[in-house]
Amino acid sequence: METTLRGVGVSHGVAIGEVRHMGTAVLEPPAKQISAEDAEREQGRARQAVDAVAADLNARGNLAGGEAQAVLEAQAMMAQDPELMADVDRRIAVGSTAERGVYDAFAAYRALLASAGEYLAGRVADLDDVRNRIVARLLGVPMPGVPDSDEPYVLIARDLAPADTALLDPTLVLGFVTEEGGPTSHSAILARALGVPAVVALPGAGELAEGTVIAVDGSTGEIFVEPSEERKAQLKGAAAQRKAALSASTGPGSTSDGHMVPLLANVGGPADVPAAVEAGAEGVGLFRTEFLFLDDSKNAPSEAKQVEAYRQVLEAFPEGRVVVRVLDAGADKPLDFLTPADEPNPALGVRGLRTLLDHPDVLRTQLTALAKAAEGLPVYLEVMAPMVADRADAKAFADACRAAGLRAKFGAMVEIPSAALRARSILQEVEFLSLGTNDLAQYTFAADRQVGAVSRLQDPWQPALLDLVALSAEAARAEGKSCGVCGEAASDPLLACVLIGLGVTSLSMGAASIPYVRASLAKYTLAQCERAAAAARAVDSAGEAREAAQAVLSGE
């Protein structure tokens, strides 16, 4: 008999297949003692295992490229953290085996991260994955991970580590469902990049029996257990209609009455560019530059290395717009040479622009590299600062850009509620705004973007978040300047229409979402989008906002 479950849909598409469960986590190794003469040998075993796991993570990152590469390289650095390895050596020296020393050292570090504030929950999950991989190698047991199967299946997991998500084979993994995670978790972002239907934050998903047939709707978040033939036909029909609409929609983004909406791509580096070009991106709305800095957490990349990487992206969009976000370090992206290690709450401490203003040489080198990379190219370069709180921040960034000789538009990201509330003041110093809806939701609702338990507050349909978007867009319109969205909200085809109705002037998203958003915008007039936006803001919950907007756009 068919039953329906509902989680959070994070990646478009429909998947119908049998359930396969993620490999179980590594068991806790026994706490047996070793003799003093065996300590050096066990320390060597531990280091070999750590180095092998780090190499494997880096290799996976090189294969995956783009955002996945940056995430996996960060995990590799975590595995080889000098303080962590020193703790492993100390534990082995007093009698632990290599596997037990690793297990206990990681447990202590895990507790330290957890006590530093909920913002680091995502890093705790990544740390657990690294520990499991090292212990599995030491015990000589299979790595926890994606199951082996000759037939396509729907993957069920408590959560998916980036190392697993990055290399999913879409020909075998039809879709995935997780008990934890949220719409802006690493796994959700990578699922969208892969084009794999996905639903997260579904409590009890692990109780679905192996081999059970389920249908996953990554757009609505619905899971149909043992779906009827009628339901399968309905879902397949809807998927076919969407595919036909995508094929028919080409060219620049616009509403049905010709209101132009530039559709841009979020990229993490040169590896993401081909997919963006293939999807018809009109430029880059968010070029995350962190990938360059993750290669070596102790030293900033040279100016020459930065110039080379930036130019590869700029050359891919001649006559197009490329918006570069300068380094966003701190919080869940710490770098040894920049971010303090003892902040009680890194999410509310020195991160983003604050970090760069404390290290003006790093900011100056990056801005100079961007200026050199753009020399002689017809690209429209725009550079923006993350985590701008007020006009003083905006002025400091604009002054740094001018001092570096950068010929580009300077902008500010709106990720802190104060920036939305005082957007018109900030626009006295910069030429455009870009809304990072992931962090804006996090700070508006005090809801960590990596914690599934508060995922309802991370929903970009929350009316309070829409109010802040509207305030920013209204301020930009009053100043005759632009206001884009580069958060994950832009990748929702229905919400994209609402954002345009709120006054947003451009949308930037993962390349895989661009065709969906283009097709959706092409169905409605600007006036319809504006009515849908008003309806969404007039209610009190995210679910009601989506329903109200859908009702307006469907003519109900």
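**Figure 1. Surroundings of L406 in the predicted model.** Setting aside neighbours within four places in sequence, L406 makes contact with L367, L370, A371, L381, V383 and C401. L406 belongs to the largest nonpolar core, which has 103 residues. Together with F397 and L507, L406 touches the most other members of this core. In soluble globular proteins, nonpolar side chains tend to be buried together.

**Figure 2. Strand β16 and its partners.** Strand β16 covers residues 506-509. S506 and S508 point one way from the strand, while L507 and M509 point the other way. These four residues are buried. In a regular strand the side chains alternate between the two faces of the sheet. Strand β9 (residues 263-267) pairs with β16 in the parallel sense over three bridges, and L507 is the bridge partner of L263. Strand β15 (residues 482-485) also pairs with β16 in the parallel sense, over two bridges; here S506 is the bridge partner of G484. L507 of this strand is also one of the residues that touch the most other members of the largest nonpolar core.

**Figure 3. The second largest pocket.** This pocket holds about 1300 Å³ of space. It is lined by 46 residues, of which S219, T220, D492, L494 and R546 are the closest to its centre. The lining has 15 nonpolar, 20 polar and 11 charged residues. Elements that each supply at least two lining residues include β2 (8-11), α17 (437-445), α19 (493-501), α20 (514-521) and α22 (542-553). Helix α8 (229-248) is another of these elements, and α8 gives the most to the lining, with five residues.

Terms used:
Residues numbered from 1 in each chain as written. Predicted model: local features only at pLDDT ≥ 70, side-chain atom pairs only at ≥ 80, totals over all residues. Heavy atoms only, no water. Core = buried A, V, L, I, M, F, W, Y, C linked by side-chain atoms within 4.5 Å. Buried < 20%, exposed > 50% of the residue type's maximum accessible area, 1.4 Å probe, protein only. Contact = heavy atoms within 4.5 Å. 1 Å grid on protein atoms, 1.4 Å probe; cavity = no way out; pocket = protein on both sides within 12 Å on 5 of 7 lines; lining within 4 Å. Points joined across faces, edges and corners; volume = space filled by probe spheres on them. Nonpolar A, V, L, I, M, F, W, Y, C, P; charged D, E, K, R; others polar. Pairing = 2+ DSSP bridges.
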